Amino acid sequence: MSEVFLQRIGEYASDAETKATLLREHEILVEVDQTHVKQLISKIWNDGLTRRLSTISGLDLGQNIGIVYHFWQGEDKLHIRTTVPKSTPTALSIVEIVPGAILYEMEIHDLFGVTFVGNPWVDRKLLLPDDWPADLPPPLLKTSKPTEIRKRLKLEVERK
Amino acid sequence: MSSEPTREESAGLMKYSVENLVPFGPIHPALKEPEYFKLVLEGERIVQVIPRIGYVHRGLEKAAETRPWVQNMYMFERTCGICSFVHSLCYGQAVEGLTMYEVPKRAKYIRLIIAELERIHSHLLWVGLMGHWAGFETLFMWVWRDRELVLDIVEAISGNRVHKSMNAFCGVRRDMPENMEDKIIEKMKYLAGRAQYYRGIIDTEETMLERTENIGRVSADTAEKLCAVGPMARYVGIQHDIRLNDPYAAYDEVPFSIVTRNDGDVLGLLRLRLDELIVSTELVSYAVKHLPDGPIRVKIPPIIPAGEHSAHCEAPRGEIFYYVKSTGGRTPDRVKSRQPTMANLPTALEILKGQTIADVPVVLTAIDPCFGCMDRMSFIDTETNHKWIWSGEQLRQYGINYYRKRRTKN
């Protein structure tokens, strides 16, 4: 099972000008460029290779923000990782292909500040308060300190 | 007046100027997690639902980055007050994958026993609440009495009713108490009998049938596209159960079968969860009888090697997912956790479309989320600008009266 899965992922990855690496048994990582990620996921999803998206995670990688799509099928796990620069955090939404990803993208938008182009609800807040100050860094970035956030939000409440 | 856009404007809701807009929630933190739904109505029918969660978002993922690996295990256990054990189990498995140590066999069986007891307790809780929201209070009383039996067993094993704190890295912290075997098996038999009895009630009792049959329909294709997990996927016939798809703990060594149904309505969910409950009682009995001897824990160093790993488990509500990234330090670099309700929310919003206000409590309860949101609910009629406020209890009464009137009319 895993070999067929790995082989087909390998074919799709080479179409997207990258390659699949076997992290450990039953676990595959594909690191792909932002421009190819939508095309790659579209192929994997529409060909029925996997129809199980666990979630999308954000990662702070210093200069960049990593976005990891976690898929699985049976015992096999597939992680598709892409990066966007912190200076222009814009990524392509996969909601057209996987409608269930809508809330996961909103979550990353709230916590990492990545804007997903094509997500119909991307302007709306999901987790953060409506009056979250726009100049505060997104909370899950390493530069964002909980004590500072707390202090700032307290000031905002007092200002009202 | 400030020039900032109002919430309705920024949410793109201004186009619904003719219909009714119903803010639903946000909170009364007495019950489970609060959520907030904005319902757009056309007369009695719901045409659009917009969620707003995060009212009790405590920033656990951020907090995990500053705490030692082992401390995080007990912190993540506090994510939920119902399915607490499975969170620490899933986080534990994600971290164990980065180390070279094996979990002892006996510990795997004890993990399975606790996880299944938790499933029984969670499903019983849910069946009781379904009875409550459908106006069938007797069922609620019966089921919650039976739930005490499970909690007593959990307390005897772990010392606590809800937050068991049983897990440790590569093992469990406490062994099974001696001479409990017969007692557990006897209680499991009793519970299976009760579940069978409730199953009969649900199939024949008119109050339940009326409120649940043909309500909350969704197709298998839609559920799959919307990434539904757990019972929400199984009730439309999708084979989605991590216990079977990707076995963890001792699930690959015990015989069991998962339950899937094809009715695809709230009644189907009730039947499915009660059937699953019976399977779980059998699983617990089998695991208790075949509990292997040996150590229950392997001690591991506090520093976890660098790397990334993810794990998923089957919580009572569906797939739960943890992703950990280590840089080889005493604290994690990143922990991501995804709960089943988050995955099931898009499906729930889809199901709500086309339902009436009277069905909202039952349909929302059906996905097994939270009810705290039902308190403090205000209705706004945008045509006449008439506003009124209902509490969760008033909404429940409205639903019951709506169906009572309909019954007398027929």
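# A tour of chains A and B

In chain B, α7(B) passes α12(B) in a left-handed crossing. Let's start the tour there, keeping in mind that this is a predicted model.

**Stop 1: the helix pair.** Select residues 181-204 of chain B for helix α7, then residues 266-289 of chain B for helix α12. The two pack at an angle of about 165°, and their axes are 9 Å apart. Angles over 145 degrees count as roughly antiparallel, so α7(B) is roughly antiparallel to α12(B). Now show side chains. On the α7(B) side, the residues to pick include I184(B), I185(B), M188(B), L191(B) and A195(B). Facing them from α12(B) are, among others, L270(B), L274(B), L277(B), I278(B) and V284(B). Colour this contact by class and you get 14 nonpolar, three polar and three charged residues.

**Stop 2: one residue in α5(B).** Stay in chain B and click on I110(B), which has its place in helix α5, residues 105-133. Is I110(B) buried or exposed? I110(B) counts as buried, because 27 C-beta neighbours fall inside 10 Å and the cut-off for that label is 20 or more. Leaving out neighbours within four places in sequence, the contacts of I110(B) are V172(B), M176(B) and I296(B). Try a distance label to A249(B) as well: the two C-alpha atoms are 8.8 Å apart, although these positions lie 139 residues apart along the chain.

**Stop 3: the two domains of chain B.** Colour 18-53 + 343-409 as domain 1 and 104-303 as domain 2. Where they touch, domain 1 of chain B puts in 18 residues and domain 2 of chain B puts in 21. For the domain 1 side, select α13 (340-352), α14 (360-366) and α15 (392-409) of chain B, each of which supplies at least two residues. The largest share of that side, six residues, comes from α13(B). By class, the domain 1 side has ten nonpolar, four polar and four charged residues.

**Stop 4: where the chains meet.** Bring chain A back into view. The contact between the chains takes 27 residues from chain B and 25 residues from chain A. On the chain B side, elements giving at least two residues each include α1 (7-10), α2 (60-64), α9 (220-225) and β6 (307-315). Also pick β7 (318-326) of chain B, which gives the most to this side, with four residues. Helix α13(B) from the previous stop turns up here too, again with at least two residues. The class split for the chain B side is nine nonpolar, seven polar and eleven charged.

**Stop 5: chain A by itself.** Hide chain B and switch to a cartoon view. Chain A has four helices and seven strands, running α-β-β-α-β-β-β-β-α-β-α from the N terminus. Its C-alpha trace spans about 60 × 30 × 25 Å along the principal axes, and 38% of the 160 residues count as buried.

**Stop 6: the two domains of chain A.** Finish by colouring 2-124 as domain 1 and 128-160 as domain 2. Their C-alpha centres lie 29 Å apart. Each domain of chain A puts six residues into the contact. On the domain 1 side, zoom in on β3 (53-61) and α3 (102-112) of chain A, with at least two residues each. Which of the elements gives the most to that side? α3(A) does, with three residues. The domain 1 side divides into two nonpolar, two polar and two charged residues.

Key
Residues numbered from 1 in each chain as written. Chains lettered and ligands numbered in written order. Predicted model: local features only at pLDDT ≥ 70, side-chain atom pairs only at ≥ 80, totals over all residues. Buried ≥ 20, exposed ≤ 12 C-beta atoms within 10 Å, placed from the backbone. Domains from an automatic or database assignment. Contact = placed C-beta atoms within 7 Å. Nonpolar A, V, L, I, M, F, W, Y, C, P; charged D, E, K, R; others polar. Axes fitted to C-alpha atoms, helices over the stretch in contact; angles between N-to-C directions. Parallel < 35°, antiparallel > 145°, perpendicular 65-115°, else oblique. Left-handed = near helix turned anticlockwise from the far one by under 90°.
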